[in-house]
Amino acid sequence: MYRDTWMEVDLDAIADNVRTIHKICGKKFIAVIKADAYGCGDIQVARACLEAGAEMLAVSSLDEAMILRNEGYGGELLILGAVNPEDCEVVAENDLTTAAISMDWVREVVKHPCAGMKVHLAVDTGMNRIGFREIREMKEARDLLLEAGVNLTGIFTHFCCTDTSREMTDRQYLKFAEAVKALDYPFEWIHCDNSDATIFFKDSLSNACRVGISLYGISGFTSELKPALALYTKLVMSKLVPAGETIGYGATYETKTTERIGTIPIGYADGFIRANQGRMVYADGCYAQVVGRVCMDQTMIRLPEQKQNGTVVEIFGPHISLEQMASELHTIPYEIISLISGRVTRLYRKAGRISSESNERILKSEL
Ligand SMILES: *Cc1c(COP(=O)(O)O)cnc(C)c1O
């Protein structure tokens, strides 16, 4: 890493969070590491979760699943999104599990060599994204899949309002319970709880939780988890700018007095979006405001006092929580971290020290 902009991923904190949540819920643990583990690095996060006792990993697509298989992961691996029916042979050959998303999907799948493929039936209880709505169709799907030699190993649903409406969650749960009962099948995996529901919704029906965001210590329902992520950069220069000058593209900010303007090597191509203009970052003991437009690769900040070049600047971390940043940007932590681009090096903390980094391709010559 030569450019000083990095995200620290604390694998010790992630492992602790897995153990803490596992203890709270007392069920099998499915670690949701889709989208490159929400931008944190699927291989590294997967390893930390498995070492801490996770029984299954979940991803969003067949591509994401194959990355983990090609890296040598041979354990339980669930695909939560749609797989093209013609690719079910790949699912079966690689001992993957995928979601049965609709009647159309099942009818197509059984025309292909799908024997031995493991499937979890997706039940749509109100999210209206994927899954079956009618019990009659679920039964028909069950029978078609079993006839074709598919292994029906699980059933699940997804809650849409765990952060806002307990009533909606209750209603979805009742529908799910009704479906599980009506299908009368010995499912090995029954799951409905995302991170939030795993903490606050103590249901007696499911035997596994499906946890994504709380791996990183983010939860509105418990303070027992450890924050695992921080985003940093370093000051590359600073200077005094006289009153009446403008900063950056579009000249959107004008200095009112002589101001100390610093430059940091992070921009919207790193996932530090332009909406960050006007927000604060933290530079060694003081907060500094982002002034002028965020550029693609660089950003200017107004420093309240002189700071040396090389001073570490925190974008989010111990002084500005990811939750606070998300709220100020009118979004959710998921979006902020999954948008942090591949250009930002991930530094992994393990056994208390930095053990590895992403972007090792910088150190290799491949062309
Ligand atoms: C992403 C996802 C999860 C994880 O949700 P978190 O809120 O991050 O815990 C669980 N289940 C499904 C189906 C998902 O798509």
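Reader: A polar contact is a pair of N or O atoms within 3.5 Å; within protein, one must be able to donate a hydrogen and the other to accept it, and residues adjacent in sequence count only through side-chain atoms on both sides. How far does a polar side-chain atom of Tyr-38 lie from an oxygen atom of the ligand?
Author: This model is predicted, so local features need pLDDT of at least 70 and side-chain atom pairs 80 or more, while totals for chains, interfaces and linings use all residues. Residues count from 1 along each chain, and side-chain values use heavy atoms, without hydrogens or water. The Tyr-38 distance is 2.6 Å.

Reader: Which residue offers a polar backbone atom to a ligand oxygen at 2.9 Å?
Author: Arg-129 uses its side chain instead, with an N or O atom 3.3 Å from a ligand oxygen. The backbone partner at 2.9 Å is Gly-212.

Reader: How much of the ligand's 390 Å² does the protein bury?
Author: The 390 Å² is what the ligand exposes when taken alone (Shrake-Rupley method, 1.4 Å probe). Around the ligand stand 13 residues (a heavy atom within 4 Å). Lys-34, Tyr-38, Ser-195, Arg-210 and Tyr-334 are the closest. The protein buries 93%.

Reader: Is strand E8 enclosed or open, and how many of its residues are buried?
Author: E8 covers residues 189–193. Buried means under 20% relative accessible area. E8 is largely enclosed by the rest of the structure, because the buried residues number five of the five.

Reader: Which residue of strand E9 stands opposite Asp-193?
Author: E8 and E9 (residues 208–211) run parallel, joined by two bridges. Helix H9, residues 195–200, completes a right-handed β-α-β unit with E8 and E9. Opposite Asp-193 in E9 stands Cys-209.

Reader: On the E7 side, which residue stands opposite Ile-190?
Author: Strand E7 (residues 151–157) runs parallel to E8, with three bridges between them. E7, helix H8 (residues 166–183) and E8 form a right-handed β-α-β unit. The residue facing Ile-190 is Ile-155.

Reader: What relative accessible area does Arg-142 have?
Author: Arg-142 sits in helix H7, residues 135–147. Its side chain makes a polar contact of 3.0 Å with the side chain of Asp-143. Beyond its neighbours within four places in sequence, Arg-142 is in contact (heavy atoms within 4.5 Å) with Leu-152, Ala-182, Leu-183 and Tyr-185. Arg-142 is buried, at 15%.

Reader: Which residue just after helix H4 takes a positive phi?
Author: H4 spans residues 62–70, and its buried residues include Leu-62, Met-66 and Arg-69. Those buried residues pack against several elements, among them helix H2 (34–38) and strand E3 (56–59). The positive phi, about 100 degrees, belongs to Gly-72.

How values were computed. Buried means under 20% relative accessible area, exposed over 50%, partly exposed in between (1.4 Å probe, protein chains only). Helices (H or I, at least four residues) and strands (E, at least two) are DSSP runs, numbered from the N terminus. Two strands pair if DSSP finds at least two bridges between them. A crossover is right-handed if, with the strands pointing away from the viewer, the path from the first strand over the helix to the second runs clockwise.
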